[in-house]
Amino acid sequence: MPNLKDLKNRIASVKSTRKITKAMQMVAAAKLRRAQEAAEMSRPYTERFTAVMAGLASAAAGSDSAPKLLSGTGSDNVHLLVVMTSERGLCGGFNTNIAKLARAKATELKGAGKTVKILTVGKKGRDQLKRDFGDLFVGHVDMSEVKRLSYADAQGVAKDVLGRFDAGEFDVATIFFAQFQNVVTQIPTAQQIIPFAIPEDYESGETLYDYEPDEEAILADLLPRGVATAIFSGLLENGASEQGARMSAMDNATRNAGEMIDQLTIEYNRSRQAVITNELIEIISGAEAL
Amino acid sequence: MQFDLVSPERSLASMDATAVQIPGADGDMTIMADHAPTITTLRPGVLKVEAGGNTHEFVVTGGFAEIGTMGVSVLAEQAVARADMTQEQLDAMMDDAQDTYNRAKEAGMVDDAAKLMADMVAMGGEIGLSTKQPSL
């Protein structure tokens with residue numbers, strides 16, 4: 001049986017752990033609110049943008065002169081997987097789930113005889129994929145210096161991706177991120193960004209637009225911006241998901257620590273009583289022996 | 001006529017406007033109620049909105065404007081109220097344009113990028129800030 005001193009130390013250490021997890025949970029809750037606000041603020045832009053793009057793209061799809069970002073390079077042999085994860089751990093299964101989805105996709109593509117290249121955004125995903133797919137890494141974007149995600153950060157990633165596309169390094173690009181549902185659920189998602197995929201639920205509206213300059217020029221101008229927009233909204237979703245996942249993970253940890261403290265306290269009290277009883281028995285039996 | 005100005009990071013303005021002057025890629029255009037539905041790309045420039053007797057001005061770069069039956073929505077990659085525009089921001093935009101130009105030069109397609117820079121310089125002149133000399 002552990003002695004009293006050990007138990008006491010143990011309780012103190014679990015208590016301080018609980019303090020830390022509690023603080024982390026509260027910080028995550030505050031950050032989550034900000035991340036959610038940021039995601040919501042960007043929604044009008046993303047929705048409008050996607051609607052207009054889808055309209056233009058469905059009109060231009062199939063034509064021979066359609067830009068490569070829309071029609072593709074004509075083959076799908078080389079895939080670029082852009083895996084977006086967080087820079088910090090202690091957020092439950094958040095990074096693991098994204099990495100798992102990317103890993104499944106990479107294995108599937110490799111099995112089908114395709115070439116896979118991986119671009120990682122965020123340290124944690126890189127660490128998790130390094131062992132299996134380290135030789136497929138073509139680049140890494142470090143986000144650890146980014147305090148508050150701005151559109152320029154997404155543009156940086158998009159520039160990197162588009163540069164590689166222009167250089168003919170890949171045919172199809174897919175981004176991996178976690179869609180924020182609520183604090184307990186974040187859905188790991190794969191979204192194809194190059195060539196541009198028209199959303200399945202898209203329905204062309206009634207309005208017939210004039211275009212200035214012509215449709216093709218607008219499309220050529222918008223497609224690269226569309227890549228940045230998709231990456232930006234993915235990163236924002238990721239930001240909210242990360243904080244949500246951290247919040248619920250830390251909530252669990254805090255509760256577990258609480259349970260542990262209760263149990264240890266019971267054990268501590270029991271042994272303390274045992275010691276007292278022992279002492280009493282010694283005194284009484286000593287007194288009786290006289 | 002409903003007017004919305006949104007950037008990827010936030011919505012900058014949403015108001016009832018009487019006229020909106022948009023710096024379109026092919027030239028400025030002024031939109032009033034019942035304009036024909038049009039989609040136009042933006043060049044760097046100043047967007048003017050007349051609403052309730054006041055004129056609001058925004059500096060916008062990159063993106064497009066959608067003129068529908070209900071009103072105008074402008075989706076700009078960067079949008080700043082003209083009064084909030086600083087020399088640093090303009091310099092950053094100019095650096096960006098120069099960067100685009102340099103890359104276009106390698107690919108041998110300089111026309112669009114050169115126009116982008118020229119527009120940028122013209123915009124700087126209009127809002128009263130000086131731009132760096134573009135190196136072509």
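Two strands pair if DSSP finds at least two bridges between them. Keep that in mind as you walk through this predicted model, starting with a sheet in chain A.

**Stop 1: the sheet of chain A**

Select strand E4 (residues 172-180) of chain A together with E5(A). Eight bridges join these two strands, and they run antiparallel. For one rung of this ladder, show A:Gln179, which stands opposite A:Ile187 in E5(A).

Now widen the selection to the whole sheet. Five strands of chain A make an open sheet with mixed pairing, in the order E3-E2-E1-E4-E5. Which strands are at the edges? They are strand E3 (137-141) and strand E5 (186-194) of chain A, each of which pairs on one side only. Turn the view to follow the twist, which averages 20 degrees from one strand to the next.

Next, add helix H6 of chain A. H6(A) lies across strand E1 (78-84), strand E2 (115-121), E4 and E5 of chain A, and runs at about 35 degrees to E4(A).

**Stop 2: a salt bridge along H6(A)**

Stay on this helix and show the side chains of A:Asp221 and A:Arg225. They meet in a salt bridge, 3.3 Å from N to O. The two residues are four apart in helix H6 of chain A, so about one helical turn separates them. Over all chains, a search of the whole structure finds 16 salt bridges.

**Stop 3: where chain A meets chain B**

Color the two chains separately and look at the contact. Chain A brings 24 residues to it and chain B brings 29 residues. Together the chains bury about 2400 Å², with 59% of that on carbon and sulfur atoms. Three residues to pick out are A:Tyr45, A:Tyr209 and A:Glu212: they supply 28% of the area that chain A buries against chain B, more than any other three residues.

How many salt bridges are there between chain A and chain B? The count is three. To see one of them, select B:Asp96 and A:Lys159, whose side chains meet at 3.5 Å, N to O. There are also 11 residue pairs in polar contact between the two chains, counted where both residues are at pLDDT 80 or more.

Then highlight helix H1 (4-60), helix H5 (151-166), strand E6 (210-212) and helix H6 (215-289) of chain A; each supplies at least two residues of the side that touches chain B. H1(A) gives the most to this side, with seven residues. By class, the side of chain A that touches chain B holds 14 nonpolar, four polar and six charged residues.

Before moving on, zoom in on E6(A) and strand E5 (residues 38-41) of chain B. These strands, one from each chain, pair in the parallel sense over three bridges. A:Glu212 appears again here, with B:Thr40 as its bridge partner in E5(B).

**Stop 4: a hairpin in chain B**

Select strand E3 (residues 19-24) and strand E4 (residues 27-32) of chain B. Six bridges join them, and they run antiparallel. The two strands form a hairpin with two residues between them. B:Gly24 has B:Gly27 as its bridge partner in E4(B).

**Stop 5: B:Ser14**

Finish at B:Ser14, in strand E2 (residues 11-16) of chain B. Which residues does B:Ser14 contact, leaving aside its neighbours within four places in sequence? They are B:Gln2, B:Phe3 and B:Asp4. Show the side chains: B:Ser14 makes a polar contact of 3.0 Å with B:Gln2 and another of 2.9 Å with B:Asp4. For a distance to try in your viewer, B:Ser14 and B:Val110 are 36 Å apart, C-alpha to C-alpha, and 96 residues apart in sequence.

How values were computed
Residues numbered from 1 in each chain as written. Chains lettered and ligands numbered in written order. Predicted model: local features only at pLDDT ≥ 70, side-chain atom pairs only at ≥ 80, totals over all residues. Heavy atoms only, no water. Contact = heavy atoms within 4.5 Å. Buried area = accessible area lost by both parts, 1.4 Å probe. Salt bridge = Lys/Arg side-chain N within 4 Å of Asp/Glu carboxyl O. Polar contact = N/O pair within 3.5 Å; in protein donor to acceptor, adjacent residues only side chain to side chain. Nonpolar A, V, L, I, M, F, W, Y, C, P; charged D, E, K, R; others polar. Axes fitted to C-alpha atoms, helices over the stretch in contact; angles between N-to-C directions.
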